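Thanks for asking me to look this over. Please have the model open beside you while you read.

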Amino acid sequence: MTSLFGVLNNTSSNLRMIQGQLSVVAENVAGADDPNRSRHVLERTIDATGNPMVAQYRREVDVALRVQLQQTLSEEASASTLSTYMRKATDLLGTTAGTPPLTDAMQKFQAAWMEVEATPENTVAQGQVVTYGDDVARELRRLNLGVNDLKREIDTDIQSSVDQLNTALTTIDKLNDDILASKGAGDPTMNLEDKRDQLIREVSSLMSVRTIERGDGKLSIFTSSGVSLLDAAPVKFSYSNGVLRSSGSDRALNDQINDGKLGALLQLSADGSTANPPQPASNQPAAEIIRKLNSQLQGLGEAFLGSTKPGEPTSFADAYDKASPAGEGELDNRFFIGKGAGDIQLNPALLSGEKKIKQSAVTGVTQSLSASGRSLNADGLRITSVSYSSMVSTVIGSWSTNAKVTHEQATIATDFKSQLDSRYKNNTGVNMDEEIAMLQVLQRNYSAAARVMQTVNTMLDAIEGIVR
């Protein structure tokens, strides 16, 4: 009798185990399309004496591959963000749609002066000098405004990323508490852990992190440089006036976050010229792009507005201003006015028609525009032995080249991330074929256990009948 009751109890326990496994498999199948779901299992281990132990829920997760994926997510997000903003910079410069507007305006401006030199009495050519000169000045101002807009866009993106980071850390902290409570109550925690892993990947896309799982199941998060993001409580980040700070420290963290989307955005907006002492511009193609764009555009503006540099051909301004005499109704000096790319403009007297270009300056200006031997020394770019047109095209061409480099780097990073993500999902995610096969095995096991129970019950009924 004891033996039969033992068989009955063991079979009943097996049936409950199989029912739990069927439920887990069914949940796996239902969540197979969720890219963030890991494969869940329910298993009962055997102790050293061969007796079954308490069944335990667990997730099938490749921890080493998960760590590698987190780092790859950070690297891909960084490369893609840099590439995106480099493309925005080249779109602003006009390198993606034929001849850039500034290059076109400069070429036409120079050609108009050459036409006036060839036919001084040609009033149409004189008018084109004014028109294309205005185009050059207006394009420099447009680019300067565009850079300011790009800076605001980067700052807005940084703030959005900081808000996203704060929200993710707060949610992970709550999931830590929920996991601890569920473990204390003996409830499964796999779904909660899947959600937490998803948020860890989200944080990884913002910055490179490393995680430490505590003995109680809680997860602590640190940056790759050791800055605490979440331990006893989540850190709250803030961004103001170009400086990233956390509630855990008063010092600026801009230099501590180097990877991920947030790290890339901080690189883009960085400006070492404001440091004490000022730092030279980064030699990384996409770093400090606002600083570099502003400096290079300012250099172009000053090339038209400034005086002749030692050892270089006569500047445009000197070629026009120092020519004499100025005839009646001609503009004597200051063809362009302003201090740089932000406010350069054609002299209003020329635009209004009140004054005409100075005929005595035509030959000198034409020679000045075509003369090579000029230089541009700006942040991120040094050019020598160029003419005005070559200076413009070299500045714009350098951005096009750097954009291609960052795009190629982003493509490589994205491809590698996709491969690693696919590998991780294959190792960790739900495989429908395996789940269907497991479902069939469990159904057969359930049927067998049910028949055993039915047989034991029949035997017990027979024995009870004999006893009566």
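The numbered points below go through one helix, the salt bridges, the aromatic rings and some backbone details.

1. A word on the ground rules. This is a predicted model, in which local features need pLDDT of at least 70 and side-chain atom pairs count only at pLDDT 80 or more, while totals for chains, interfaces and linings use all residues. Residues are numbered from 1 along each chain as its sequence is written, and side-chain values use heavy atoms, with hydrogens and water left out.

2. Let's start with helix α5, residues 190-206. Helices here are DSSP runs of H or I with at least four residues, strands are runs of E with at least two, and both are numbered from the N terminus. The expected span of a helix is 1.5 Å times one less than its number of residues. For the 17 residues of α5 that gives 24 Å, and the end C-alpha atoms lie 25 Å apart, which agrees.

3. How many of the 17 residues of α5 are buried? The count is 12, so the helix is mostly covered. Buried means under 20% relative accessible area, exposed means over 50%, and partly exposed is in between (1.4 Å probe, protein chains only). Among the buried residues of α5 are Met190, Leu192, Ile200, Val203 and Leu206, and also the charged-type names Glu193, Asp194, Arg196, Asp197 and Arg201.

4. Next, the salt bridges, of which the structure holds 18. The term stands for a side-chain nitrogen of Lys or Arg within 4 Å of a carboxyl oxygen of Asp or Glu. One of them pairs aspartate 135 with arginine 138, with 2.4 Å between the closest N and O atoms. Both residues are in helix α4 (residues 123-185), and because they are three residues apart, about one helical turn separates them. Arginine 138 is partly exposed, at 39% relative accessible area.

5. Another salt bridge reaches out from α4: lysine 218 meets aspartate 177, the closest N and O atoms being 3.0 Å apart. Lysine 218 belongs to the loop between β3 (209-213) and β4 (219-223) and aspartate 177 to helix α4, so the pair ties together parts 41 residues apart in sequence. Lysine 218 is partly exposed at 24%, and aspartate 177 is partly exposed at 35%.

6. Now look at aspartate 332 and lysine 358, a salt bridge whose closest N and O atoms are 3.6 Å apart. This pair links distant parts of the chain, 26 residues apart: aspartate 332 is in the loop between α8 (316-321) and β8 (336-337), and lysine 358 in the loop between α9 (348-352) and α10 (362-370). Is each partner buried or partly exposed? Aspartate 332 is partly exposed at 39%, whereas lysine 358 is buried at 0%. Elsewhere, salt bridges with shared partners join Asp271, Glu288, Arg291 and Asp379 into one network.

7. Lysine 358 has a second contact: its charged end sits over the ring of tyrosine 320, 5.0 Å from the ring centre. That label requires NZ of Lys or CZ of Arg within 6 Å of the ring centre and within 35 degrees of the ring normal. Lysine 88 likewise lies over the face of tyrosine 85, at 5.7 Å from the ring centre.

8. The structure also holds 14 aromatic pairs. Rings of Phe, Tyr and Trp (its six-membered ring) pair if their centres lie within 6.5 Å; planes under 30 degrees apart count as stacked, over 60 as edge-to-face and the rest as tilted. Tryptophan 113 and phenylalanine 316 are edge-to-face, at 6.3 Å centre to centre and 75° between the planes. They connect helix α3 (residues 101-118) with helix α8, 203 residues apart. Tryptophan 113 is buried at 0%, and phenylalanine 316 at 1%.

9. Tryptophan 113 also pairs with tyrosine 320: the ring centres are 6.5 Å apart and the planes at 75°, so this pair is edge-to-face. Tyrosine 320 is in helix α8, 207 residues from tryptophan 113. Ring pairs link both into a cluster that includes Phe109, Phe304 and Tyr388.

10. Last, the backbone. Most residues other than glycine have a negative phi, and most peptide bonds are trans. The bond from asparagine 276 to proline 277 is cis, as is the bond joining serine 324 and proline 325. Asparagine 241 has a positive phi of about 55° and is exposed at 77%.
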